[in-house]
Structure formats: C-alpha cells, structure tokens
Amino acid sequence: MKADLLEKIINKTARIGVIGLGYVGLPLAVEKAKAGYKVTGFDIQDKKVQMVNRGRNYIGDVIDGDLSEVVKSGKLKATSDFAFIKDIDCIAICVPTPLDVIKQPDIGYVKDAALSIAGYLHKDMLVVLESTTYPGTTEELLKPILEKESGLVCEKDFFLAFSPERVDPGNSTFKTKNTPKVVGGIGEDSTELASALYRNVLESGVFEVSCPAVAEMEKLLENIYRNINIALANEMAIICDKMAINVWEVIEAAKTKPYGFHAFYPGPGVGGHCIPLDPFYLTWKAREYDYHTRLIEISGEINQYMPQYVVERAYRILNRFKKPLNGSRIFILGVAYKQDIDDYRESPALKVIENFEKEGAFVQYNDPYISDFRYKGREYKSAKLTKKTLNQSDLAVITAMHGNYNYGFIQKNTAFIFDTKNAMKNVKNRHNIELL
Ligand SMILES: NC(=O)c1ccc[n+]([C@@H]2O[C@H](COP(=O)([O-])OP(=O)(O)OC[C@H]3O[C@@H](n4cnc5c(N)ncnc54)[C@H](O)[C@@H]3O)[C@@H](O)[C@H]2O)c1
C-alpha cells in the first residue's frame, strides 16, 4: 500500500538503497544516512564497498567526517551482495550512462541494475532512476524489466520514478543537499513517494513533473544548454583570435548586461561524464522520430575540434620561435576536466596530449589532483612543478585551472605559456603568455 510506504518514508523507518557508489551515488547515500535513514549502498566494485565500510572517502564532494560518522553510527553500509535488496523499501539507481565506441547510448549498466533489483523487487517498493538518459528509459526500458522479472505491476504493487541527479563536482556552493530536485513518476503515487523522500533528505525544494519523460528530457536540456553555450564561446574564441580580439574581454563586457546573457567560457573542449556524452543520448533517440538534432550535433563538432585547435595554436606559437612541434617539449598543466577536481573522464586535456604526441612532441603533465593516469594503453605520471621542469619545457599549455597553482611562479619560470582557461588573468607580467 502506498500509504504504508509513505508513512515509513515520513517517519524515516524506510530502508534505503543506492545502486552505484560513484560521484553521484556516494554523496546521495551519505545525505540520506545523515537525514536519519538506514542506507545500504550497492556497488560491483569491491574496492569501493570496502572503502565505504571502513569509512574511507574517495569522492571529493563528500566530507570525510560525514562519511566516517554515518558508517560508524551504522546508518550507512555498503555491499556487493544484491540479495540485500529484498530488505530495501526505496532504491535509487546511480550507475554510469556512457556512450559506446560509435557514440550510441550504452544503457547496459542501467539494464544490469534493473535486473539486479527485479530479482528482489517486492510489494510497496519505490525505485528511482537518477542516471542521465534518453527520454523514455524509465517507462519503456526500466518498467518492463521490473514488471516482467518480478510479476508485480507498477503503480499498483511497486512505484517507479525518474529524478535526475544534478551534482556538480567541485562546486562549493551547490551540493546534493541544497540543489533542487525534479521528480517525475510513472503515476501520481510514484511521484508523491519519491518527492516525499527527497523532501525529507534535502534542504532544497522538489519540483514535480507529469511523467518520467519530462524529467529525463529536462536533464538533457540542462546539459545540452551548457554544451551549446560552451560551443558558442569556443567558436567566438576562434573567430576572435583571427580578428586579434581578446575573447575573454568580450565576455567580461557582455556580462555587464543585467538580463538576457549568461557567461560561458571557451577552453580546450568539454569533459566529464555529462556534457560531452548526454547530448548524444537525445541525438540518438531523435532519429527514431526522423529528426536530426542539428544544433546539438554542430555544437558537439565544435567542442570536439577544440583539442585539435589547441595544438594548432601551439604549433603557431612555436613557429614564431622557429621551433617545430616535432621534438618540442610540452608541459600540460591540469588534466582534470575542470577546476579543482580529480576527475579526468573524457577530459579534453587527454586529447590535447594525444594530438601533441602524434605530432612528435615530448609531453609531460602536472596535475595536483591526479598523480597518474592511463590513457589509450599508456601510463602517465604527474611531473613535479619545479623551476627545472618548467625551464626545460618549450611551451606550457594550461588545460585546467586549479586554485592551488602558483601562476606567478609558472609565468616566471617558463619560456612561453599558452593559457586556454584564462587561468593567469591576475598575472601582471604577460610577455610570455598567450590566451586562447
Ligand atoms: N559525475 C557527475 O558530475 C554527474 C552529474 C549529474 C549526473 N550524472 C549521471 O549520474 C550517473 C552516474 O554517474 P557517476 O559520475 O556517479 O558515475 P561513476 O562511474 O562515478 O559511478 C557509478 C558507479 O556505479 C557502479 N556500478 C556500475 N554498474 C553497476 C551495477 N550494475 N550495480 C552496482 N553498481 C554498479 C560503478 O562501479 C561505479 O562505482 C550517470 O548517468 C551520469 O551521467 C553524473
């Protein structure tokens, strides 16, 4: 009965599950535990399960003390044994939704998670999908799997909703707890139950929509909006360079308009598990309706060109010093996909490195947040940022702006710097700095 589950949610006796303890799932699990619920996190990676159970944090947006406290108090535990789902009342799915090699949605993780739940689905259970995906996933894919495998009927025996995760890693103002949630259930009861749960956990409001597809589409709109506006900023950067105009100054000036303009900035491309991938979930789905999402495709094209463009500009800089790119020593500063985080998934810096190496350049990198990484079968280790390492490079390329870089020191000790993020805007001496 919906009323029984609602009561359990309101009085916090509902047992909560979170599938996928990554950038999205772990903060969510911690918040739910902090709100007073008993939470079980499920993950297929034993290492993450063990770390959570030891109270050891591995996600930047989670406060170490918060995690250890909820683990110590018994409010949060982790497991890779999905049989525990039989004891859960409300479960959230936070698994990856990547693209495959030909840039089509890889919905396999969501399917696997759904199958894991289906075997243990019971009456009066709430399932909420949080992974970003194409409109229709909850109703057309998840609901049939859950109903078929369990023999239960959605909205009568169990409840199902979509509520997109909006976490912004590294954002010190907006966290899981104070970011409003959008909820769209299969029916009114599903929406009411999922909303009640979020209202009990988060400080922010809950915005209810009429169905899961609206919630799925609104999340794509959020990310496509960013993708397109970043592409516009990148295109402006390219044309501004041709016209010898400082694009950063242009944006600062445009920002003075108090309405109708929101500033986006150019850079070496887009990265992370959202902006470069999510728009193509819609592009793919739109083809089913004989529609080609041209604006999304073209912005993807511009953003994907940026790592190549960075190398072309570097080639021109080196040319001025009569140096060929082949054999030059390039120092990449920042491989994270954005400021002050340790995530380099889909980071444009990786493509920049690859493009430099293809041209015969010797590349080393430094990132205070990423001590080493593997990319296309190669191992990279962060080089120390010293007078010597900077002096030895022909060109430093800033591909991510980190708050703990001493940009004055970098400027002083490097032959030339190509700054693709305007990270050195406060450095006074600019004779050896070129901006994107
Ligand atoms: N990272 C972000 O900034 C962000 C922001 C908003 C939305 N999202 C969306 O949230 C979803 C998750 O992203 P993420 O960044 O947290 O991914 P992630 O890779 O950090 O975490 C996903 C976790 O799910 C686990 N997992 C995979 N398959 C599983 C299964 N069958 N059962 C149990 N666990 C499984 C993985 O081991 C991993 O720990 C994606 O759809 C993403 O688009 C991400």
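How many helices and strands does the chain have? Here are a few points to follow as you turn the structure around.

1. **The chain as a whole.** What you are looking at is a predicted model. Its chain has 14 helices and 15 strands. The radius of gyration is 24 Å, close to the 22 Å that the globule rule gives for 436 residues, so the chain is as compact as a globular protein of that length. Taken along the principal axes, the C-alpha atoms fill a box of roughly 75 × 50 × 45 Å.

2. **Where the ligand sits.** Try finding the two domains before you look for the ligand. Domain 1 (2-210) and domain 2 (244-435) both give residues to the shell around the ligand, so the ligand lies between them.

3. **What surrounds the ligand.** There are 29 residues around the ligand, and those that come nearest are Gly-20, Gly-22, Tyr-23, Val-24 and Ser-131. Helix α5 (residues 108-118) provides the largest share of the shell, with 4 residues. By class, the shell holds 14 nonpolar, 10 polar and 5 charged residues.

4. **A pair of helices.** Now look at helix α8 (residues 212-242) and helix α10 (residues 279-287), whose axes are 8 Å apart and which pack at an angle of about 110 degrees. Angles of 65 to 115 degrees count as roughly perpendicular, and α8 and α10 are therefore described that way. On the α8 side, the contact is made by Leu-220, Asn-223, Ile-224 and Asn-227, while α10 brings Pro-279, Tyr-281 and Leu-282. This contact of α8 with α10 has 5 nonpolar and 2 polar residues, and no charged ones.

Definitions and conventions
Residues numbered from 1 in each chain as written. Predicted model: local features only at pLDDT ≥ 70, side-chain atom pairs only at ≥ 80, totals over all residues. Axes fitted to C-alpha atoms, helices over the stretch in contact; angles between N-to-C directions. Helix = DSSP H or I, 4+ residues; strand = E, 2+ residues; numbered from the N terminus. Parallel < 35°, antiparallel > 145°, perpendicular 65-115°, else oblique. Contact = placed C-beta atoms within 7 Å. Nonpolar A, V, L, I, M, F, W, Y, C, P; charged D, E, K, R; others polar. Near = placed C-beta within 6 Å. Domains from an automatic or database assignment. Rg over C-alpha atoms; globule rule 2.2 N^0.38 Å.
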